[in-house]
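Biologist: I should like to request a close look at a single part of this predicted model, followed by an account of its surroundings.

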Amino acid sequence: MTLTHIIVFVAAALLYMTLLPQHWRKWALFIGSVLAIFWLQPPVRIDKFDFVFPVGTLALVTLAWLASRDAEQQWTREDVVSVAVMAACIVLVSLGRYLQEDFRITPSRPPALPQVAVMLISVLIVLALVDRLPVGRKRLLLPVALLILALFVILKTEALAEEASRWLRDMMGQPTHLARASELQWLGFSYVAFRLIHTLRDRQTGRLPVLSLRDYVTYAIFFPAFTSGPIDRAERFLKDLQALPGLDPARLTQGGMRIVIGIGKKWVIADALAYMALNDVKAEQATSTAGLWLLLYVYAFQLYFDFSGYSDIAIGIGQLFGIKLPENFSQPYLKRNIAAFWQSWHITLSQWVRFYVFSPLSRFLLTRKRKPSPTFLALVCQVTTMIVIGLWHGVTWTFVAWGLWHGFGLFIHKVYSDRTRPFYIGLRARPRLMRAIGIAGTVVTFHFVLLGWVWFALADIETSWDVFLRLFGMG
Amino acid sequence: MQTWKWLYDPAAAFNWRFIFSVAIRVVILFVIVNVVFALVDPLPALGSISAYNHLFRGRERLPYGENAAVSYNLSLNQIDAMFESHVVASRKDDDEFRVVLIGDSAVWGVLLEPDDTLAGQINRLDYHTADGQTVQAYNLGYPIWSLTKDLLLLDYALDYDPDLVVWLFTLGSFGQAAQMRSPLVQHNPDPVEDLIKRFDVNQDPNDPRFVRLSFWDKLFIRRRRDLADLMRLQLYGVPWAVTGIDQEYPDYEPRLIDLPADDTWEDYTPQTLTTDDLALDVIRAGVDLVGDTPIVLINEPMFLSDGENSDIRYNSFFPRWAYDEYRRLLDDYSARYGWFYLDLWDGIPEADCYTDSAVHLTPECSARLGKLVGAAIVELADQAGRQDND
């Protein structure tokens with residue numbers, strides 16, 4: 001999201017609040033989100049794919065909606081209109097082909113109308129076939145979830161993404177030797193995928209409320225949260241969507257303040273820190289241990305201000321439109337232990353993984369004949385959960401190492417806190433000592449997280465390990 | 001959430017009156033900041049506030065660079081800030097004999113690491129003056145040929161208490177047309193105009209290429225780029241201090257050996273040049289400017305091609321006739337005024353010594369030049385010391 005996007009979204013929010021009657025607001029959010037994903041999509045070097053990716057997002061979301069519908073849920077007139085509106089939006093965006101570059105919302109010239117028509121008809125036929133498959137809807141949940149996961153793995157695994165890029169280039173008649181994994185920039189996919197998997201899984205367990213196609217699509221691709229989260233829950237989102245408020249000074253102030261603070265965090269602090277933050281090149285060039293530590297400290301704060309700034313902006317814009325997105329950060333670097341850190345860093349992702357990885361895995365292990373010991377259970381679940389969080393960022397060994405680092409950190413913390421609980425209860429009578437231990441805990445936790453960023457920030461495991469050793473004067 | 005309690009659970013409710021009063025204050029503050037900024041012009045003062053030499057070490061050459069993300073360096077036009085980021089702005093030791101080197105990209109050290117530039121090589125040789133002071137050379141060279149640019153930087157350099165000045169140049173800096181080419185000159189019209197008037201330099205103080213800012217141009221909103229440059233200069237200080245890198249080292253095409261059959265220089269065809277054709281008066285102004293501070297003037301070494309058309313040109317920059325005329329005039333002029341002048345034009349004759357241009361040296365050959373210049377520095381320093389004692 002750029003400053004231009006934010007200004008336009010804020011202006012749109014003001015018009016939305018002041019001019020739009022209540023009954024049009026849901027439609028406005030729906031149409032706005034559909035158009036916004038085309039506008040937010042960055043350029044892709046594979047011909048037409050900065051148009052194809054947003055269309056793909058809409059197709060995938062519609063497919064997930066078909067699969068995640070309640071058994072009794074039938075097509076309504078509103079659902080049909082929603083499909084028509086999405087198709088009309090796609091056609092409208094494609095008409096940008098005939099406009100000058102400045103008036104287009106796509107980064108490159110969209111495909112010609114006949115190509116768009118073929119694309120649309122193909123998607124509609126596939127969706128219609130899926131809808132009419134003679135199997136129960138519940139049977140669709142797993143294949144659709146696996147399809148989303150497969151796409152996720154392809155996009156996040158460098159070798160697979162490069163191969164996919166080569167294949168797509170070949171299909172589009174472009175030189176295949178120029179294929180790069182980085183060119184498959186399917187904007188927002190990571191977040192959309194996790195939202196869709198959440199709905200599919202919650203339908204399986206019967207927790208998902210009934211959602212119309214319009215509301216489902218709006219939830220999955222809600223434009224303020226499309227690029228960088230937070231990952232909201234459908235039932236919570238729906239609650240806000242059912243009661244979209246009008247012009248309200250408190251909401252305007254709160255939303256506006258969050259946006260201003262977010263802009264300050266992202267474009268003033270994070271972008272300034274980015275000049276000095278650790279990266280592969282600087283790690284190699286650094287001539288001293290102290291210098292490496294400095295780069296790492298700067299990286300830690302740059303990452304926090306960048307990501308939490310984006311979250312603030314998303315929350316602020318969402319609030320202007322009447323959707324109160326969940327918080328994603330809560331002073332994570334001030335937490336006294338690693339468990340508390342993970343309750344305050346990328347909160348919505350942590351919660352997602354707790355719901356859909358940690359808890360099911362714990363339940364699975366506990367229902368086995370040979371029940372594991374609590375310690376072993378904690379170890380397996382914590383490490384697996386954190387590896388999944390790592391892999392969500394990219395399927396690389398560095399993210400696995402980062403996941404392991406935090407997984408073991410959480411496990412050690414659990415063992416430690418279980419064993420020292422009586423000691424800490426005893427400390428309640430000595431608040432000053434308690435406070436001192438709390439401060440020490442914050443310092444230790446921050447530095448544990450800091451060292452973990454070495455695996456996160458650098459491109460390969462060898463460089464990370466080298467930097468890790470150099471931070472301690474070795475290597 | 002506790003973090004946002006002040007926003008979501010405020011002591012007083014946010015109402016329209018609150019929004020209106022905030023909006024009015026924002027507008028008023030915006031206008032005041034802009035007008036005050038335009039009236040006060042705080043950029044020079046802000047430029048003199050620097051984290052360099054305090055929080056982290058100063059740069060060993062003046063900030064210059066196009067690819068800041070790689071070189072941790074950038075070009076800007078605020079000379080105060082440039083000098084404050086330089087190690088020359090650090091405190092002068094009692095036993096230090098401070099030597100400032102002025103000149104073009106050859107002095108600045110394109111493709112050379114800071115230690116390998118001429119100043120770095122002189123420092124590596126650890127020279128001492130006769131009275132035991134340690135010679136400490138500072139690289140104040142700055143790319144783009146223009147003696148007026150050199151004079152401008154020399155004027156600022158004098159604030160840092162040099163004991164001796166070394167000014168290196170080549171023919172390219174002497175062209176009358178070259179004098180205003182440097183953006184540094186164009187964006188600093190007041191000090192340049194002052195120098196022109198003080199030393200009666202043959203330049204137009206009202207040259208249209210001078211960038212003179214109107215009141216509106218001085219508004220905060222219009223000068224945000226300059227302000228951002230100042231901030232970026234400070235921010236890049238950290239990676240500079242951590243890595244010691246201050247320029248990009250790309251692969252380059254070596255200087256040309258085979259030359260075009262072109263005998264023109266600037267707008268001149270072969271002829272006898274006069275002192276009016278070259279900006280010799282800028283050198284004279286520099287010598288006058290430094291006053292009692294000793295100054296060494298050096299015609300810097302250059303690549304002498306033996307390839308195709310080398311009978312017409314010495315290298316891709318200069319035709320033989322123009323360069324010979326320049327040397328003749330400079331010899332005459334320096335002899336007339338009694339300057340301490342070294343003509344090192346063929347002092348480094350080996351072709352392998354030159355990298356991407358006919359005046360940029362390799363580290364090894366920069367070391368050789370360091371010895372030549374270092375010896376001259378010590379000689380002139382001792383000469384000046386003896387004169388002081390007499």
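At what angle do the axes of helix α3 (residues 49-68) of chain A and helix α9 (residues 213-221) of chain A cross, and within what distance do they come?

Modeller: The model is predicted, and the description below should be read as such. The axes of α3(A) and α9(A) cross at roughly 125 degrees and come within 10 Å. Because of that angle, α3(A) is oblique to α9(A). The crossing in which α3(A) passes α9(A) is right-handed. On the side of α3(A), the residues that meet α9(A) are Thr57(A), Val61(A), Thr62(A) and Trp65(A). Their counterparts in α9(A) are Leu213(A), Tyr216(A), Val217(A), Ala220(A) and Ile221(A). Sorted by class, the residues of this contact comprise seven nonpolar and two polar, with no charged residue.

Helix α9(A) also has a contact with helix α2 (residues 22-40) of chain A. Here the axes come within 9 Å and cross at roughly 50 degrees. With that angle, α2(A) is likewise described as oblique to α9(A). The crossing of α2(A) past α9(A) is left-handed, whereas that of α3(A) past α9(A) is right-handed. From α2(A), the contact draws on Lys26(A), Leu29(A), Phe30(A), Ser33(A) and Ile37(A). From α9(A), it draws on Arg214(A), Val217(A), Thr218(A) and Ile221(A). Five nonpolar, two polar and two charged residues make up this contact. Val217(A) and Ile221(A) thus appear in the contact with α2(A) and also in the contact with α3(A).

The confidence of the prediction may be considered next. Among the elements of chain A, α9(A) has the highest mean pLDDT, at 98. The lowest mean belongs to helix α6 (residues 137-156) of chain A, at 93. Chain A as a whole averages 95, and 100% of its residues score at least 70.

After α9(A), the chain enters the loop between α9 and α10 (234-242) of chain A, and Pro230(A) has its place in that loop. The peptide bond that joins Gly229(A) and Pro230(A) is cis, with omega at about 0 degrees. Most peptide bonds are trans.

Helix α6(A), the element with the lowest mean pLDDT in chain A, offers a further helix pair. The axes of α6(A) and helix α7 (residues 158-172) of chain A come within 5 Å and cross at roughly 95 degrees. The two helices are therefore roughly perpendicular to each other. Val153(A), Ile154(A) and Leu155(A) of α6(A) make the contact with Leu160(A), Ala161(A) and Ala164(A) of α7(A). This contact has six nonpolar residues, no polar residues and no charged residues.

The account can now turn to the partner chain. In the complex, 19 residues of chain A are in contact with 20 residues of chain B. On the side of chain B that touches chain A, at least two residues come from each of α1 (5-8), α2 (16-40), α11 (224-235) and α12 (237-243) of chain B. The most is given by α12(B), with four residues. By class, this side of chain B has 15 nonpolar, four polar and one charged residue. The predictor assigns the complex an ipTM of 0.86 and a pTM of 0.91. For chain B, the mean pLDDT is 95, and 99% of the residues reach 70 or more.

Chain B also contains an open sheet of five strands, in the order β2-β1-β3-β4-β5, with parallel pairing. Its edge strands are β2 (134-139) and β5 (340-343) of chain B, each of which pairs on one side only. From one strand to the next, the twist averages 20 degrees. Strand β4 (residues 295-299) of chain B pairs with β5(B) in the parallel sense over four bridges. Within this part of the sheet, Leu297(B) stands opposite Tyr341(B) in β5(B). Helix α15 (residues 363-389) of chain B lies across β1 (96-102), β2, β3 (164-169), β4 and β5 of chain B. Relative to β3(B), α15(B) runs at about 140 degrees.

One backbone detail of chain B completes the account. Tyr72(B) lies in the loop between α4 (68-71) and α5 (79-84) of chain B. Phi of Tyr72(B) is near 50 degrees, a positive value in a residue other than glycine. Most residues other than glycine have a negative phi.

Terms used. Residues are numbered from 1 along each chain as its sequence is written. Chains are lettered from A and ligands numbered from 1 in the order in which they are written. This is a predicted model: local features need pLDDT of at least 70, side-chain atom pairs count only at pLDDT 80 or more; totals for chains, interfaces and linings use all residues. Axes are lines fitted to C-alpha atoms, for helices over the stretch in contact, and angles run from 0 to 180 degrees between N-to-C directions. Angles under 35 degrees count as roughly parallel, over 145 as roughly antiparallel, 65 to 115 as roughly perpendicular and the rest as oblique. A crossing is left-handed if the near helix is turned anticlockwise from the far one by less than a right angle, and right-handed if clockwise. Two residues are in contact if their C-beta atoms, placed from the backbone, lie within 7 Å. Ala, Val, Leu, Ile, Met, Phe, Trp, Tyr, Cys and Pro count as nonpolar, Asp, Glu, Lys and Arg as charged, and the others, Gly among them, as polar. Two strands pair if DSSP finds at least two bridges between them. pLDDT is the predictor's confidence in each residue, from 0 to 100.
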